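Trainee: I would like to learn how to read a protein model step by step, and I would be glad if we could look at one together.

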Amino acid sequence: MHSRKNAENYLINSDTFVLQPIREDFKLSTRVIERNAEFDLPKKPIQIVKKTCELYGASLKTRTLTARHALGNRHKTPIVVAHAFDTPYIFLPTMSPNSEENIWISYQSIVDFQEENVGCSVLLENGYKVKVNVSTPTMWRQFAFAALLERDFAKKQFLLHRPRTSLAQEGSFRYPVVEDTE
């Protein structure tokens with residue numbers, strides 16, 4: 001079931017599973033797959049990700065740099081888009097985030113990957129299957145990096161909640177500060 005919503009203010013939330021680009025004529029828009037709904041928005045997926053990151057306290061650039069600090073300088077770095085109640089909402093890109101063909105997928109929604117003739121299918125916890133033009137090993141790699149990012153987030157949350165029992169070594173946690181020029 002696809003419906004068209006005119007939701008200019010859509011933000012990623014805990015029910016958002018996939019932001020998939022769709023091309024209609026010469027316009028790029030987004031198919032949003034949520035836990036219990038699917039609809040199209042007249043915005044590019046990257047616009048939704050950027051707006052969500054900014055609303056929840058940091059630019060996409062800062063979120064990417066923070067993830068790269070935790071994971072190393074990786075291509076297609078998963079990012080923590082937002083967090084609530086010590087739970088990070090991690091999204092992983094299937095391609096370069098700036099690519100118009102990039103699909104953003106919620107790490108928490110992924111159940112499994114299935115090999116296809118070209119690319120693979122991502123199985124989601126709501127029963128949906130999303131075909132991506134990326135190999136199964138690449139998707140497992142992205143999934144593993146998202147798991148490492150989740151672990152890094154948990155370590156930092158532990159330090160935040162247990163400051164007297166855990167002393168951070170000087171320089172062990174550095175957050176990049178970036179001024180956006182965009």
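Trainee: Where is the place of Lys 76?

Mentor: Please keep in mind from the start that this is a predicted model. Lys 76 sits in the loop between H2 and S5, and its backbone shows a positive phi of about 60° although the residue is not a glycine.

Trainee: Is Lys 76 buried or exposed?

Mentor: The general idea is to compare the relative accessible area with a cut-off, since a residue counts as buried under 20% and as exposed over 50%. Lys 76 has a relative accessible area of 12%, so it is buried.

Trainee: Where is Asp 25 found, and is Asp 25 buried or exposed?

Mentor: Asp 25 lies in the loop between S2 and S3, and its phi is near 55°, which is a positive value in a residue other than glycine. With a relative accessible area of 72%, Asp 25 is exposed.

Trainee: How should I read a helix, and which residues of helix H1 are buried?

Mentor: A useful habit is to list the buried residues and then to look down the axis. In H1, which covers residues 45-55, the buried residues are Pro 45, Ile 46, Ile 48, Val 49, Thr 52 and Cys 53. Seen down the axis of H1, these residues fall within an arc of 160°, so they line one face of the helix.

Trainee: What do the buried residues of H1 pack against?

Mentor: They pack against several elements, including strand S2 (16-24), strand S3 (27-34), helix H2 (60-71) and strand S5 (79-84). Just after H1 comes Gly 57, which takes a positive phi of about 110°.

Trainee: How do I read a sheet, and in what order do the three strands of the open sheet stand?

Mentor: One goes from strand to strand and asks which are neighbours and in which sense they run. Here the order is S8-S9-S10, and the pairing is antiparallel. Strand S8 (110-115) and strand S10 (129-132) stand at the edges, each with a single partner strand, so one side of each is left without a neighbour in the sheet. Neighbouring strands of this sheet are turned by 25° against each other on average, with direction ignored.

Trainee: How many bridges join S8 and S9, and how many join S9 to S10?

Mentor: S8 and S9 pair over five bridges, and the bridge partner of Asp 112 in S9 is Leu 123. Four bridges join S9 (residues 120-124) to S10, where Val 122 stands opposite Val 130 and Cys 120 stands opposite Val 132. Each pair also forms a hairpin: four residues lie between S8 and S9, with Gly 119 in the turn at a positive phi of about 75°, and four lie between S9 and S10, with Gly 127 in the turn at a positive phi of about 95°.

Trainee: Which way do the residues of S9 point?

Mentor: Cys 120, Val 122 and Leu 124 point one way from S9, while Ser 121 and Leu 123 point the other way, and all are buried. Five of the five residues of S9 are buried, so this strand is largely enclosed by the rest of the structure.

Trainee: What can be said of helix H3, and how many residues does it have?

Mentor: H3 (residues 136-161) has 26 residues and reaches 37 Å from its first C-alpha to its last, close to the 38 Å expected at 1.5 Å a residue. Its buried residues include Met 139, Phe 145, Leu 149 and Phe 153. H3 packs on the sheet, touching S8, S9 and S10, and its direction makes about 160° with that of S8.

Notes. Residues numbered from 1 in each chain as written. Predicted model: local features only at pLDDT ≥ 70, side-chain atom pairs only at ≥ 80, totals over all residues. Heavy atoms only, no water. Helix = DSSP H or I, 4+ residues; strand = E, 2+ residues; numbered from the N terminus. Expected span 1.5 Å × (residues − 1). Buried < 20%, exposed > 50% of the residue type's maximum accessible area, 1.4 Å probe, protein only. Arc of directions from axis to C-beta. Contact = heavy atoms within 4.5 Å. Pairing = 2+ DSSP bridges. Axes fitted to C-alpha atoms, helices over the stretch in contact; angles between N-to-C directions.
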